[in-house]
Amino acid sequence: MSFENLMNSYAARQQIGPLEYENDRYTLVVDDRVEVACFQANGRFYAYCIISKLPEDNSKREELLIRLLEKNLALVAFERVSLCIDPDENALALYASAPIKSLSVGGIEEAIVALANNHELFVKWVGQSAPPSGSAMMLMP
């Protein structure tokens, strides 16, 4: 089945109406809150969504990325969802990927559900204040 047919079958199964195809990708909104772009490249299917803009300050950006990458390690292994930086948007994003050859409507559903569920986690983690510094200063009396 072609990628276009798979995406149209997914839309029909989810009863979301016709999907918009623009800039070589389909865009849909999951749970009225997560905008997901679905596209194919190099023989793979990708589902992608932006989490948040990156901080402009380099030290805050680095601190945030280190914190999030530590949490992301488990997701890559178990949920096939990965954190990335979108340089065009200067934003953090998540994506899920699967081989296009063996892709089914069920596979698209699984990828989008995993993406939406993890999007919520990352939005929460990004919103948390930075953890306290590991180096404490000792004052002598």
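Reader: In the hairpin of β2 and β3, how many residues stand between the strands, and which residue takes a positive phi?

Author: In this predicted model, the hairpin of β2 and β3 has 3 residues between its strands, and D31 takes the positive phi, near 55 degrees. D31 is a residue other than glycine, and its place is the loop between β2 and β3.

Reader: Why is D31 called exposed?

Author: The relative accessible area of D31 is 53%. Exposed means over 50%, and D31 is therefore counted as exposed.

Reader: How do you know that β2 and β3 pair, and in which sense do they pair?

Author: Two strands count as paired if there are at least two bridges between them. Strands β2 and β3 have 5 bridges, in the antiparallel sense, so the requirement is met. One of the bridge partnerships joins V30 to V34 in β3.

Reader: What makes the turn between β3 and β4 a further case of positive phi?

Author: The hairpin of β3 and β4 has 2 residues between the strands, and N42 in the turn has a positive phi of about 50 degrees. N42, too, is a residue other than glycine, and it lies in the loop between β3 and β4.

Reader: Is N42 buried or exposed, and why?

Author: N42 has a relative accessibility of 78%. Buried would require a value under 20%, whereas exposed requires one over 50%; N42 therefore counts as exposed.

Reader: What makes β3 and β4 a pair?

Author: Strands β3 and β4 share 5 bridges in the antiparallel sense. Pairing needs at least two bridges, so these strands qualify. A37 stands opposite Y48 in β4.

Reader: Why is E35 given its label of buried or exposed?

Author: E35, which lies in strand β3, has a relative accessibility of 54%. That value is over 50%, and E35 is therefore called exposed.

Reader: Which residues does E35 touch, leaving out those up to four places away in sequence?

Author: E35 touches T27, L28, V29, Y48 and C49. Such a contact means heavy atoms within 4.5 Å. For E35 and I51, the separation is 16 residues in sequence and 9.7 Å in space, from C-alpha to C-alpha.

Reader: Where else do strands pair, and over how many bridges do β4 and β6 do so?

Author: Strands β4 and β6 pair in the antiparallel sense over 9 bridges, with Y46 opposite S97 in β6. Strand β5 and strand β6, residues 91-99, also pair in the antiparallel sense, over 6 bridges. In that second pair, C84 stands opposite A93, and I85 stands opposite L92. The hairpin of β5 and β6 has 4 residues between the strands, and N90 there takes a positive phi near 50 degrees.

Reader: In what order do the strands of the open sheet lie?

Author: The open sheet has 6 strands in the order β1-β2-β3-β4-β6-β5, with antiparallel pairing. Its edge strands are β1 (20-22) and β5 (81-86), each of which pairs on one side only. From one strand to the next, the twist averages 35 degrees. Strands of a sheet pair through backbone hydrogen bonds, either parallel or antiparallel.

Reader: Which strands does helix α1 lie across?

Author: Helix α1, residues 3-14, lies across β2 (25-30), β3 (34-41) and β4 (44-53), and runs at about 15 degrees to β2. Helix α3, residues 105-127, lies across β2, β3, β4, β5 and β6, at about 20 degrees to β4. The protein chain has 3 helices and 6 strands, which follow the pattern α-β-β-β-β-α-β-β-α along the sequence.

Reader: What volume does the largest pocket have, and which residues are closest to its centre?

Author: The volume of the largest pocket is about 510 Å³. Of its 19 lining residues, R25, E35, A37, Y48 and I50 are the closest to the centre. The elements giving two or more residues to this lining are β1, β2, β3 and β4. Strand β3 gives the most, with 5 residues.

Reader: How many of the residues of the protein chain count as buried, as a percentage?

Author: Of the 141 residues, 37% count as buried; each of these has under 20% relative accessible area. The protein chain exposes about 9,200 Å², of which carbon and sulfur atoms supply 52%.

How values were computed
Residues numbered from 1 in each chain as written. Predicted model: local features only at pLDDT ≥ 70, side-chain atom pairs only at ≥ 80, totals over all residues. Heavy atoms only, no water. Buried < 20%, exposed > 50% of the residue type's maximum accessible area, 1.4 Å probe, protein only. Areas by Shrake-Rupley, 256 points an atom, 1.4 Å probe, with all protein chains shown as cover. Axes fitted to C-alpha atoms, helices over the stretch in contact; angles between N-to-C directions. 1 Å grid on protein atoms, 1.4 Å probe; cavity = no way out; pocket = protein on both sides within 12 Å on 5 of 7 lines; lining within 4 Å. Points joined across faces, edges and corners; volume = space filled by probe spheres on them.
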